[in-house]
Amino acid sequence: MINKKIIENVIEAALSTGGDFAEVFIEDKKGIGINMISGKTENIMSGRDFGIGIRIFKDFNSVYAYTNKSDEETLIQTAKKASKALLGSNDIKDIVINNIKHENKHIIEINPTEIPTKKKIEAMKRAYISAKEFDELISQVTVNYQDYNQKIAVANSDGLYVEDERTRGRIAIGAVATKNGEMQSGGSAPGAHKGFELIEDLDIEWHGREASRIAKTMVNAEYSPSGKMPVIIHNGFGGVIFHEACGHGLEATSVAKGNSVFADKINQQVASKIVTAVDDGTLKNEWGSSNIDDEGNPTQKNILIENGILKGYMIDKLNGRRMKMEATGSSRRQSYKYSPTSRMTNTYIANGESKFEDIIANTEKGLFAKYMGGGSVNPATGEFNFAVMEGYLVENGVVKKPVRGATLIGKGSDILKKIDMVGDNLSFGQGMCGSSSGSVPANVGQPTIRVSEITVGGRE
Amino acid sequence: MRDFNELKTNIFNEAKEAGIEDVEIYYSQGRDLNIKVFEKEIDGYKLAEAEGLALRGKYDGEMGYSYTEKVDDTSVKFLVENLIENAKNIDREDKEEIFEGAKEYKKVNNFNNSLEKVEETEKINFVKNLEKEALELDDRIKSIQDCVYGDGFSETIISNTKGLNIKDKSNLAYTYVGVVAKEGEEIQSGFAYKVTNDFSELNYKDIAKEAVDEAISMLGAKSIKSGKYSIILRNNASADILEAFTSIFSAERVQKNLSLLKDKLQQKIASEKITLIDDPFMEKGYASSAFDSEGVPTKEKNIIENGVLNTYLHNLKTALKDGIESTGNASRSSYKSSIGISPTNMYIKPGDKKLDDLIREAEEGLIITDVQGLHAGLNPISGDFSLSAQGFLIKKGKIKDPVNQITISGNFLDMLGDVEEVGADLRFGLPSSAYIGSPSLRIKSLDIAGE
């Protein structure tokens with residue numbers, strides 16, 4: 001993407017004040033976003049992101065600089081300016097980088113940048129029609145489509161040079177149901193590390209109907225009750241609870257500085273024995289997958305918790321230094337505008353042995369969260385909150401009436417210990433995860449699980 | 001600048017040759033600095049210079065967009081081709097126009113030259129002092145989560161073939177600190193920030209104290225019984241909730257049946273105590289500007305006046321559809337986004353009561369000092385919210401025991417209707433494309449879920 005001799009010179013300039021490691025990240029990304037309301041295309045934006053990020057370490061400290069310009073003079077100047085933040089001896093190193101090739105595990109069948117916009121819009125209209133025609137209560141439908149092709153290269157003073165390409169697509173359908181002047185919404189937003197074959201193979205109509213079914217169910221629902229109760233969280237996007245409540249606390253970003261409740265807990269029991277949790281950036285063509293991470297290491301399958309015992313963290317190079325642990329292929333960033341750090345990829349609770357039907361049947365009184373909305377966590381205290389997008393009361397082992405407006409709150413470390421049933425129906429959902437290195441695509445996943453007690457915030 | 005003007009001419013020529021009628025460039029460039037301190041050392045340092053250029057133009061009657069971060073002649077063809085492909089695929093009914101510019105614009109100054117002259121060592125000392133102060137204020141502060149100083153400069157140029165040619169520049173400094181307090185097994189966190197473009201206004205002692213007080217005061221916090229409570233929503237929490245509901249005032253959302261304020265113009269939607277102002281000329285308003293993202297002059301307005309909804313926020317497209325003038329609220333969060341709608345400096349007009357008076361008058365209830373989960377636990381379409389919260393019980397008109405692990409729930413419009421008193425303590429959140437503020441509000445009741 002940029003002449004190798006130039007990259008070598010930039011790395012040498014970056015180390016000129018005594019830095020002990022330097023890295024160059026080059027990004028060239030083309031993509032499109034299409035927005036449709038009421039079946040009409042409202043906005044279409046396409047373009048190109050292009051820039052170079054330079055990172056320098058000295059011990060535990062790091063410096064990051066970026067620019068959109070790729071000429072040698074600007075890059076060397078940028079590297080030198082950045083290096084001035086590190087006070088050290090004037091040290092000349094001779095850097096030689098070597099191309100390392102890796103196998104592409106995520107085959108793209110149809111490059112979406114070569115598909116006419118018209119075809120993308122046809123798919124969106126199908127989504128619109130299936131959602132709109134689902135029920136007469138559906139008053140509005142929005143469809144958002146995006147795809148992109150991101151080419152990156154990472155080079156560093158250890159001599160590494162590696163390239164990768166990430167192609168992703170997503171279609172997000174939002175439905176609004178209106179009844180007696182009151183509005184409720186529902187949505188479905190599948191995505192993958194795939195080309196346009198994602199859309200061609202997708203049952204778009206199902207997703208459209210599902211968005212509307214949720215909205216209709218919720219507009220007919222009463223407010224959720226409040227208080228502590230058993231909560232059954234369904235598979236797929238339900239995995240957001242592990243992602244927020246525990247996953248962020250297992251990122252080296254918060255562990256390295258002791259700001260996580262999971263710091264210094266390796267090989268200790270942190271969850272109920274039936275919980276095994278994994279972060280796996282290698283899963284074929286999944287939303288959060290890539291061949292290498294954003295500091296050039298191959299992604300890998302990281303066991304976080306095995307049968308309730310904490311086994312590992314997600315670690316990037318810089319935090320790995322502080323923790324004296326190896327990086328785990330977990331370093332990610334939104335773009336060249338961000339210095340990378342440890343992040344989740346595809347994070348999930350592994351299958352257990354219970355049947356979904358048995359989990360429901362074994363619950364006397366509680367909440368069934370069929371679809372979760374998003375959530376957030378304070379990594380220092382582990383306090384989390386989640387919105388339930390579609391919820392139901394469970395009474396005497398049977399799913400009863402739908403309830404709206406429920407929020408789940410609690411502490412990650414408590415919840416992990418209170419998981420008392422794990423189903424055998426693992427599936428994934430797609431999300432965008434925001435943190436210090438920006439917003440990155442991340443899969444969440446789990447089988448249906450039951451938590452013996454969570455505080456449910458409702459209005460009754 | 002000579003290079004930029006040449007590039008502009010090339011783009012305009014290429015666009016014209018390709019059959020694009022009116023065309024507009026939206027260009028922004030800036031620099032950013034971010035310094036993070038951990039255990040007395042500069043643990044993170046970020047320096048950036050970046051630019052981006054977007055093109056917008058009418059092709060065959062429809063508006064097309066494109067952008068690039070490779071701002072040079074090699075991108076001209078790419079921009080024009082993308083714009084045309086995108087315009088060809090637009091089929092909405094409402095038309096978007098390119099604005100020819102106004103005769104006059106007010107003078108708004110968001111650029112403080114003195115900030116550009118602050119030595120880097122001063123900034124580094126400031127953030128190191130902030131960390132030191134936060135750690136020393138109380139023995140129970142065991143670690144610092146984040147201790148950051150940052151500043152930036154940005155310049156935006158909008159220039160089109162209908163004659164508009166305007167430029168805006170601004171700069172801003174920010175700092176924040178997150179602290180962790182521990183007592184026994186219990187952990188509480190506190191956070192404080194300050195935003196300004198006058199470096200001399202930054203006082204590390206004040207910021208450290210605010211964060212430390214917040215964390216320490218929450219030690220011993222417990223959940224409370226579920227039920228309806230009389231509530232004081234402290235200024236920061238109220239501003240956060242208002243900000244999350246900003247989209248309901250957008251005429252675009254109203255016209256598309258996505259706002260709960262549809263058909264509510266000139267109706268009472270809030271308590272008489274509520275007046276909501278959008279003021280693009282506010283002193284130290286970090287969303288202040290003489291023109292919006294379409295180049296339309298901005299205006300001051302009361303969105304809600306004594307509880308009555310006066311106006312929605314408009315850009316040229318939505319105003320044309322409603323047969324009125326634009327309110328000057330067109331916005332683009334960056335060159336990567338198309339024209340949308342956003343408030344400028346929007347705030348609930350403060351009353352004259354101190355927070356202490358509001359607490360005394362409440363007698364019994366709960367003061368909410370922080371809410372979490374705004375992007376998920378709050379639905380701008382229905383107005384419903386259910387948010388993780390913390391605060392203190394109010395007993396006999398005084399602040400008492402700290403409370404956490406609760407949620408507050410309600411509906412935004414119901415809540416605005418239940419506002420009994422508005423404090424004098426107007427406070428703004430962190431600036432984004434809008435800058436949103438509120439004083440503390442005393443609310444008849446909200447649902448609390450806890451034990």
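**Entry 1: a salt bridge inside chain B**

I started with B:K256, which forms a salt bridge with B:E252; the closest N and O atoms are 3.0 Å apart. I note here that I am working on a predicted model. Buried or exposed, I wondered about B:K256 and B:E252? Both turn out to be buried.

Next I looked up B:R442, which makes a salt bridge with B:E361, and here the closest N and O atoms are 2.9 Å apart. This pair links distant parts of the chain, 81 residues apart. B:R442 is in strand β20 (residues 441-449) of chain B, while B:E361 is in helix α9 (residues 355-362) of chain B. I checked how covered the two partners are. B:R442 counts as buried because its relative accessibility is 12%, under the 20% cut-off. B:E361 counts as partly exposed, at 32% relative accessibility.

Then I followed shared partners. Salt bridges of that kind join A:E42, B:D94, B:E252, B:K256, B:K317 and B:K321 into one network. So I met B:K256 and B:E252 again, both of them members of this network.

**Entry 2: from chain A to chain B**

How many salt bridges are there over all chains? My count came to 62. One of them pairs B:E51 with A:K69, the closest N and O atoms being 2.6 Å apart. I looked up where the two residues sit. B:E51 lies in strand β2 (residues 41-59) of chain B and A:K69 in the loop between β3 (61-67) and α2 (72-83) of chain A, so this pair joins two chains. The two ends are not covered alike: B:E51 counts as buried at 12% relative accessibility, whereas A:K69 is partly exposed, with a relative accessible area of 37%.

I then took the chain contact as a whole. On the chain B side 72 residues take part, and they are in contact with 73 residues of chain A. About 6,100 Å² of area is buried between chain B and chain A, and carbon and sulfur atoms give 47% of that. The salt bridge count between chain B and chain A is 11.

**Entry 3: two domains in chain A**

I turned to chain A by itself. It is divided into domain 1 (112-149 + 166-220) and domain 2 (227-457). Their C-alpha centres lie 25 Å apart. The contact takes 22 residues from domain 1 of chain A and 23 residues from domain 2 of chain A. The area buried between these two domains is about 1,700 Å², with 48% of it from carbon and sulfur atoms.

How many salt bridges cross the interface of domain 1 and domain 2 of chain A? The rule finds three. I also looked at A:E182, which forms a salt bridge with A:R404, the closest N and O atoms being 3.1 Å apart. A:R404 came up a second time: its charged end sits over the ring of A:Y223, 5.1 Å from the ring centre. I jotted down another case from chain A, where the charged end of A:K29 sits over the ring of A:Y148, 4.3 Å from its centre.

**Entry 4: ring pairs**

Searching the whole structure, I got 21 aromatic pairs over all chains. I picked B:F126 and B:Y149 for a closer look. Their pair is edge-to-face, at 6.2 Å centre to centre and 70° between the planes; I call it edge-to-face because the cut-off for that class is over 60 degrees.

Which parts of chain B does this pair tie together? B:F126 lies in helix α4 (residues 120-136) and B:Y149 in strand β4 (residues 141-160), so the ring pair ties together parts that are 23 residues apart in sequence. B:F126 counts as buried at 6% relative accessibility, and B:Y149 is buried too, with a relative accessible area of 0%. Following the rings further, I found that ring pairs link B:F126, B:Y149, B:F199 and B:Y204 into a cluster.

**Entry 5: one asparagine**

Last, I looked up A:N319. It is placed in helix α8 (residues 317-323) of chain A. Buried or exposed, I asked of A:N319? At 9% relative accessibility, A:N319 counts as buried. I left aside its neighbours within four places in sequence and listed what A:N319 is in contact with: A:A252, A:T253, A:A256, A:T341 and A:S342.

Conventions:
Residues numbered from 1 in each chain as written. Chains lettered and ligands numbered in written order. Predicted model: local features only at pLDDT ≥ 70, side-chain atom pairs only at ≥ 80, totals over all residues. Heavy atoms only, no water. Phe/Tyr/Trp six-rings, centres within 6.5 Å; stacked < 30°, edge-to-face > 60°. Helix = DSSP H or I, 4+ residues; strand = E, 2+ residues; numbered from the N terminus. Buried < 20%, exposed > 50% of the residue type's maximum accessible area, 1.4 Å probe, protein only. Lys NZ or Arg CZ within 6 Å of the ring centre and 35° of its normal. Contact = heavy atoms within 4.5 Å. Domains from an automatic or database assignment. Buried area = accessible area lost by both parts, 1.4 Å probe. Salt bridge = Lys/Arg side-chain N within 4 Å of Asp/Glu carboxyl O.
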